[in-house]
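I opened this notebook to keep track of what I looked up, one entry at a time. My plan was to begin with a single residue and then turn to the ligand.

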Amino acid sequence: MPDAGASKSKSNNYDFDILVVGGGLAGLYSVYRFRKMGLSIKVLEAGDGVGGTWFWNRYPGCRCDVESMEYSYSFDEQLQQDWKWPERYGTQPAILEYINHVAERFDLMRDVQLSTRVTSATFDGDAGIWTIGTDTNETFKAPVCIMATGNLSTPRKPEFPGLETFKGEWYHTGLWPKEGVDFSGKRVGVIGTGSSGVQMMPHIARQAKHLTVFQRTANFSLPARNAPLNPEKEQKHKAEYSERRKAAYDTPFGIAGFPPPTKSALEATEEERLKSYEAKWQEGGSISYLYAYTDLLLNKESNDTASEFVRNKIRETVKDPKTAELLCPDNHPIGTKRLILDSQYYEIFNEDHVELVDVRSAPITEITETGIRTTDQHYELDAIAFATGFDAMTGAMREIDIKVKDGPSLDEQWEAGPKTYLGVMVAGLPNLFMITGPQSPGVKSQMILSIEWHVDWIADCLQYMKDKKFNRIEAKLDAQENWVKHVKEVADSTLYPLANSWYMGVNIPGKPKVFMPYVGGVHTYTKECERVVANGYEGFVMSKEEAHIS
Ligand code: N01
């Protein structure tokens, strides 16, 4: 751990105390947190603006599925009191505006270099230094490197033959043009019915002459019931902010305010269940619904009751019975893929100009000059929007050539699936931390809470090392093996592995089928992190190497 300000000395062989890859919510909070410790830091960000997910995903209708009062930083009381969210769920522009406000308010941008994609990170064990290479042909050196690369930051479109011949326009939700897209009067095809596709389609349906929805897997979606933020609720929430933020760490998803369920769905009568599901359906929001009973994500029979309730809602909403049946998910329990929140998604299928195409029974074979061909038919299109998701959780890190000099790359190490200790470090990669890495609760939690937890945890760890005069930390292999095993055991005790989800890596051809997030809950995870610290950073080796501090 370098001394504060030491990096400014010419005698040191590095440029910054800490290098951070990624200028999203995690990178920005890192600047705030580590700067407060007196450390020099540089964030390298590929985009020409900060915000990560909220910078890139500009598709129409993009909105967060966690309520705005929750989905925000907690590190500054005045910030959370001052900021006014217009709606229950933040839109992409509203969230990006908030992120830019935070960056400006805390003067974070002076430590961020934009338009710089990190391509490599190499640790020289003798010097104790990470060297980062970029697509701008620059190199940066620091003893500590933090991967704040995000979990859903590597957009992927399937390799359909013929895309290059398509004469119309095409887009990916995760790389949407800043200036927006006008689909007025166009025949638009959307491939993919995950959160992005489902959120986007009602907006496209309003503009387009014709919308063709290419669906491979029907997903469960609940009404978001978005609305302007109720001023009384907002005031109450703000009065309780700090207690609510603390309480959130004692909950599975990192969000306070949802009383834990008390009984199994099978202990309730059918009448009770329907009443409960109906109330949750009317309330809107996914946690509330999945929290109706204790075992909706544990017991298939219980889950069936919640799944069938939603299927019946789809059947009630969509007038054409054949289309309704196609929209009813039939191959995974509700909640085992990210439960979607929508605004009037199912309703669009009652409109004459919206057509649902089942590409599970008749897959897409090619993209032609004028549209999309399936094994059944050709669809004439002027524009195609890929809502086909991301190489989630590991994609962004595996794209960077991360390694200890002359050692195997992280990409090679993770060939059979990611292996981490607590989702925060990888054995064999000293002084390299991850924010919300695989095998941490990140994507199964209120993301910003998990980000703040990791950054704070790393900051405390670096302070501890400094106090003890250590300058190198590494996860132990056996601690990592045990953690990976534990993460798998926890997942296997739930219904999650039953779905072909991006949590399992199944959406990317050739990616190993491994359940990647930790689903033991934020409350369990944070206690484990605290236990590890209380035991002197159990599972980590800290040492003092002579080389790099001159
Ligand atoms: O991506 P996805 P996403 N032929 O992977 C289909 C977060 N998020 O961008 O299921 C035909 O979920 C694929 O089909 P299948 C959120 O965590 C949050 O929508 O693999 N179809 C699927 O339907 C979310 O879970 C918010 O059979 C193909 C779709 O493309 C995550 O990001 C908003 C195909 C991809 O769905 C990812 O969501 C948006 C092919 N060859 C995103 N390949 C909110 O906060 C793929 N598909 C609300």
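The entries below follow the order in which I looked things up, and I kept in mind throughout that the model is predicted.

**Entry on Gln377.** I first looked up where Gln377 sits, and I found it in the loop between β17 (371-374) and β18 (378-380). I then asked whether Gln377 is buried, partly exposed or exposed. Its relative accessibility is 42%, and because buried means under 20% and exposed over 50%, Gln377 counts as partly exposed. I also looked up its side chain, which makes a polar contact with the side chain of Tyr379 at 3.4 Å. Lastly I compared Gln377 with Trp170, and noted that the two are 207 residues apart in sequence and 20 Å apart in space, taken from C-alpha to C-alpha.

**Entry on the residues around the ligand.** I counted 24 residues around the ligand, of which Ser196, Arg216, Thr217, Lys337 and Trp502 come nearest. By kind, this shell divides into 10 nonpolar, 9 polar and 5 charged residues. I noted too that β3 (63-67) and α5 (195-207) each supply at least two residues of the shell.

**Entry on the oxygen atoms of the ligand.** Which residues place an N or O atom 2.8 Å or 3.0 Å from a ligand oxygen? For Asp65 it is a backbone N or O atom, at 3.0 Å, whereas for Lys337 it is an N or O atom of the side chain, at 2.8 Å. Trp502 likewise has a polar side-chain atom 2.8 Å from an oxygen atom of the ligand. I closed with the cover: on its own the ligand has 920 Å² of accessible area, and the protein covers 88% of it.

Methods:
Residues are numbered from 1 along each chain as its sequence is written. This is a predicted model: local features need pLDDT of at least 70, side-chain atom pairs count only at pLDDT 80 or more; totals for chains, interfaces and linings use all residues. Side-chain values use heavy atoms; hydrogens and water are left out. Helices (H or I, at least four residues) and strands (E, at least two) are DSSP runs, numbered from the N terminus. Buried means under 20% relative accessible area, exposed over 50%, partly exposed in between (1.4 Å probe, protein chains only). A polar contact is a pair of N or O atoms within 3.5 Å; within protein, one must be able to donate a hydrogen and the other to accept it, and residues adjacent in sequence count only if both atoms are side-chain atoms. A residue is near a molecule or strand if one of its heavy atoms lies within 4 Å of it. Accessible areas come from the Shrake-Rupley method with a 1.4 Å probe; for residues, only the protein chains shown count as cover. Ala, Val, Leu, Ile, Met, Phe, Trp, Tyr, Cys and Pro count as nonpolar, Asp, Glu, Lys and Arg as charged, and the others, Gly among them, as polar.
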